[in-house]
Amino acid sequence: MKIRWLGHSAFMLEGRKKILIDPFISGNPLSPVKVEELNPDLIIVTHGHGDHIGDSIEIAKRTGCKVLSILEVSKFLLAKGANAVEMNIGGTATVDGISVTMTPAMHSSSIYDNGVSVPGGCPVGVVVELDGIRVYHTGDTGLFSDMELLGELYKPQVMLVPIGSWYTMGITEAVKALEFVRPKMAIPMHYNTFPVIRQDPEEFKTLAGQKLPEVEVVIPEIGESMEYLEK
Ligand code: NI
Ligand code: MN
């Protein structure tokens, strides 16, 4: 599986299918791609905040691909003309042959629609299984000990984990999250996009390396792809 970081919490997972998570592209001055260049088979949105819903409506309308999210976000996307598929926390949905398990996240969720804030249900994370590889995108979240349970149940090989602090976990909490989940590979996200979430990913890599030498921490450049091969 190829994992391409598109900046912030946006990732494209590419295998048999292309899955785009949290496509915050046009609003991100650091984005390495243009919205028109993205042609996913499925979009997943973890919560209603603008830096996660991002350009999902536009991409979904242009490509006709489905957008998977929690019920409340899904109703909003549907009303905006996207081919929205709803699910909820704790369940696994199979959409066009892609299996997605929705997990809790400790955060908030609301949607800003033309200056008005509408409820966005609960924020979530997802475990996506593609070509036998499971990727846990935590969404925006603080640390919670049930991550240990998620690790035990779903055994994700790859974990995409926020380190920016301020709105989400910071480096200390993210290292603890790796300890709970025990993935084989971890990629930091949700940092350095804005001044308040400035962090040094090398510090995360060093601390994780001291505590959990068995976890490979990979720090991609924005726009860079990495290949995850099952060992
Ligand atoms: Ni958020
Ligand atoms: Mn965010």
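Colleague: Which residue in β2 does Arg4 stand opposite?
Modeller: Met12 in β2 is the residue opposite Arg4. This is a predicted model, and that applies to everything below.

Colleague: What makes β1 and β2 a pair of strands?
Modeller: Strand β1 is joined to strand β2 (residues 11–14) by 4 bridges. Pairing requires at least two bridges, so β1 and β2 qualify as a pair. The two run antiparallel. They form a hairpin with 5 residues between them, and Gly7 in the turn has a positive phi of about 90°.

Colleague: How do you know that β1 also pairs with β16?
Modeller: The test is the one used for β2: there are 3 bridges between β1 and β16 and at least two are needed, so the strands count as paired. Their sense is antiparallel. Ile3 has Met226 of β16 opposite it.

Colleague: What do the side chains along strand β1 (residues 2–5) do?
Modeller: They alternate: Ile3 and Trp5 point to one face, and Lys2 and Arg4 point to the other. Ile3 and Trp5 are buried, while Lys2 and Arg4 are not.

Colleague: In what order do the strands of the sheet that includes β1 and β16 lie?
Modeller: The order is β6-β5-β4-β3-β2-β1-β16, an open sheet of 7 strands with mixed pairing.

Colleague: Why do β6 and β16 (225–227) stand at the edges?
Modeller: Each has a single partner strand, so one side of each is left without a neighbour in the sheet. Ignoring direction, neighbouring strands here are turned by 20° against each other on average.

Colleague: Which way do β3 and β4 run?
Modeller: Strand β3 (residues 18–21) and strand β4 (residues 42–44) run parallel and are joined by 3 bridges. Ile19 has Leu42 in β4 as its bridge partner. Helix α2 (residues 56–63) packs on this sheet, where it touches β3, β4 and β5, and its direction makes about 165° with that of β4. Helix α3 lies across β5 and β6 and runs at about 140° to β5.

Colleague: What is the strand order of the open sheet that includes β7 and β15?
Modeller: That sheet has 7 strands in the order β7-β8-β11-β12-β13-β14-β15, with mixed pairing. Its edge strands are β7 and β15 (216–217), each of which pairs on one side only. Between β8 and strand β11 (residues 124–130) there are 6 bridges, and the strands run antiparallel. Within that pair, Met102 stands opposite Val126 in β11. Helix α4 lies across β8, β11 and β12, at about 160° to β8.

Colleague: What makes Asp51, His52, Asp140 and His190 donors of the manganese ion (ligand 2)?
Modeller: Their atoms lie 2.1 to 2.3 Å from the manganese ion. The limit for a donor is 2.8 Å, so these atoms fall inside it. In sequence the donor residues are spaced D-H-x87-D-x49-H. Asp140 and His190 are 50 residues apart, Asp140 in the loop between β12 (133–137) and α4 (147–154), His190 in the loop between β14 (185–189) and α6 (201–211).

Colleague: Which residue coordinates both the manganese ion (ligand 2) and the nickel ion (ligand 1)?
Modeller: Asp140 does, and the two ions are 3.2 Å apart.

Colleague: Why is Asp140 called buried?
Modeller: Its relative accessible area is 2%, and buried means under 20%, so the term applies. His190 is at 1% relative accessibility, and is therefore also buried.

Colleague: Why is the contact between Lys66 and Asp96 called a salt bridge?
Modeller: The N to O distance is 3.1 Å. The cut-off is within 4 Å, so the pair meets it. Lys66 is in strand β5 (residues 66–70) and Asp96 is in the loop between β7 (92–95) and β8 (98–104), 30 residues apart. At 26% for Lys66 and 40% for Asp96, both fall between 20% and 50%, and so count as partly exposed.

Colleague: How many salt bridges does the structure hold?
Modeller: It holds 8. Among them is Lys80 with Asp113, at 3.0 Å from N to O. Lys80 sits in the loop between α3 (71–79) and β6 (83–87), and Asp113 in strand β9 (residues 110–113), 33 residues apart. Another is Arg134 with Glu129, at 4.0 Å.

Notes
Residues are numbered from 1 along each chain as its sequence is written. Chains are lettered from A and ligands numbered from 1 in the order in which they are written. This is a predicted model: local features need pLDDT of at least 70, side-chain atom pairs count only at pLDDT 80 or more; totals for chains, interfaces and linings use all residues. Side-chain values use heavy atoms; hydrogens and water are left out. Buried means under 20% relative accessible area, exposed over 50%, partly exposed in between (1.4 Å probe, protein chains only). A salt bridge is a side-chain nitrogen of Lys or Arg within 4 Å of a carboxyl oxygen of Asp or Glu. Axes are lines fitted to C-alpha atoms, for helices over the stretch in contact, and angles run from 0 to 180 degrees between N-to-C directions. Contact means heavy atoms within 4.5 Å.
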